[in-house]
Amino acid sequence: MTSDTMQCLICPGDRTVKLTRKPVPEPGPADVRIRIMGSAICGSDLHYYRTPQAERDQLGVSRLALGHEGAGVVDAVGPGVTYPAVGDRVVVYHHIGCGHCAHCRRGEPGFCRERQSFNQVRDGVDAEYVMVPARNALPLPDDFDFEDGSLLACNLGTAYGAVRKAKASGDMTLAVSGLGPVGLYTVMFARAMGASVLGIDVQPSRIEMCGDVGD
Ligand SMILES: [Zn+2]
Ligand SMILES: [Zn+2]
């Protein structure tokens, strides 16, 4: 039985985050509610964290739940939803497009002009529950745990998209500049596709990790 309110993390700005309570969202038509089991921190979360509070207040975003990289279990579905079902393990896909423009119909809601981004327009995944359109709940295979799942859509997806666009293959050497999480995943994917990789960073610990994941 779900209580009426949930815990969630908000980011007022000025390098602060705060745990607070909000009403548990009720799924409308074609929406699903997901009980979040894992969420990850993205570079853009840090950008919001470092933004001055006055700017966050002016944008009206200081009380929105933070986070756009999450995975969990479907907890409730709204009218008209045929997939997913309650109990399904899912990854939250973070670009919520209008669903009908050319970009959305091509499966690229990240380019949709009307997209609703987490923590910019709507509550994000650093919360006990999040509500998204059913099409934004993607199946999470059983051999991925929720921590892995939370990284799949944004962090890993960004790296995978870059390596696919570069058409990485065995006759290539790719230079990856910046070995943060996305950079290191890029190294992993490029190596898995057979490419040689030149990892570039100013931090020795990251260069060392590049050697570990690039072997
Ligand atoms: Zn992200
Ligand atoms: Zn659209």
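The zinc ion (ligand 1) is held in this predicted model by the protein donors Cys-42 (SG), His-68 (NE2), Glu-69 (OE) and Cys-154 (SG), which lie 2.0 to 2.3 Å from the ion; donors are N, O and S atoms within 2.8 Å of the metal (3.2 Å for Na, K and Ca), and since water is not among the atoms, sites may look incomplete. Local features need pLDDT of at least 70 and side-chain atom pairs count only at pLDDT 80 or more, while totals for chains, interfaces and linings use all residues. Residues are numbered from 1 along each chain as its sequence is written, chains are lettered from A and ligands numbered from 1 in the order in which they are written, and side-chain values use heavy atoms, with hydrogens and water left out.

**Zinc site**
- The arrangement is tetrahedral because the four donor atoms around the zinc ion (ligand 1) subtend angles of 94 to 126°, where four donors count as tetrahedral if all angles lie between 85 and 135 degrees.
- The spacing of the donor residues in sequence is C-x25-H-E-x84-C.
- Both Cys-42 and His-68 are buried, meaning under 20% relative accessible area with a 1.4 Å probe, protein chains only.

**Arg-33**
- Arg-33 is found in strand S3, strands being DSSP runs (E) of at least two residues and helices DSSP runs (H or I) of at least four, numbered from the N terminus.
- Arg-33 counts as buried because its relative accessibility is 7%.

Conventions. Four donors count as tetrahedral if all angles lie between 85 and 135 degrees; four count as square planar and six as octahedral if opposite donors are over 155 degrees apart and all others between 65 and 115; anything else is irregular. Buried means under 20% relative accessible area, exposed over 50%, partly exposed in between (1.4 Å probe, protein chains only).
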